[in-house]
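Work through the following exercises with the sequence and the model side by side, and try each task before reading its solution.

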Amino acid sequence: MIHKPKKNCKVCDAVLIGRADKKFCSDYCRAVFHQSNKESISPLVQEISKTLLKNRSILRALNPTGKTVLSKSQLHQKGYNFMYHTHSIQTKAGNLYHFCFEEGFMITEQDKLVLVRQEQK
Ligand SMILES: [Zn+2]
């Protein structure tokens, strides 16, 4: 006796009976599946996500020790996009940090930046 692997509808998880290449139990589930795929991440969101991840890796590469001082133009040269960051933190001392995920920096006087890294919890 041959055991065929049981297949389930991709949407409602109902057991599928019939053709081996079936993915949905009904036309309704097929429609729901294609509709929700269409509503997935828009190109703008994808673009910004890419920029944030690129910013993060630039900061990470320039900051191997966890604290590095460099100039703003050095970040520009690497292709850093100053328009996008994930969050900002203002310390009690009044210093403002911008972060791309766990990698961040504070802009000091003139063109200087202090790169920092947020502690992982
Ligand atoms: Zn279904």
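**Exercise 1.** What span should the 20 residues of H2 have at 1.5 Å a residue, and how far apart are its end C-alpha atoms?

*Solution.* This is a predicted model, in which local features need pLDDT of at least 70, side-chain atom pairs count only at pLDDT 80 or more, and totals for chains, interfaces and linings use all residues. Residues are numbered from 1 along each chain as its sequence is written. Helices (H or I, at least four residues) and strands (E, at least two) are DSSP runs, numbered from the N terminus. The expected span, 1.5 Å times one less than the number of residues, is 28 Å for H2, and the end C-alpha atoms are 29 Å apart, which agrees.

**Exercise 2.** Determine which residues of H2 are buried, and how they are arranged about its axis.

*Solution.* Count C-beta atoms, placed from the backbone, within 10 Å of a residue's own: 20 or more others make it buried, 12 or fewer exposed, and anything in between partly exposed. In H2, Asn55, Ile58 and Leu59 are buried. Because their directions from the helix axis to the C-beta atoms fall within an arc of 95°, these buried residues line one face of H2. On the other side, the exposed residues include Pro43, Lys50 and Ala61.

**Exercise 3.** Classify Phe101 by burial and describe its phi.

*Solution.* Phe101 lies in the loop between E3 and E4. Since Phe101 has 17 C-beta neighbours inside 10 Å, it counts as partly exposed. Its phi is positive, about 60°, although Phe101 is not a glycine.
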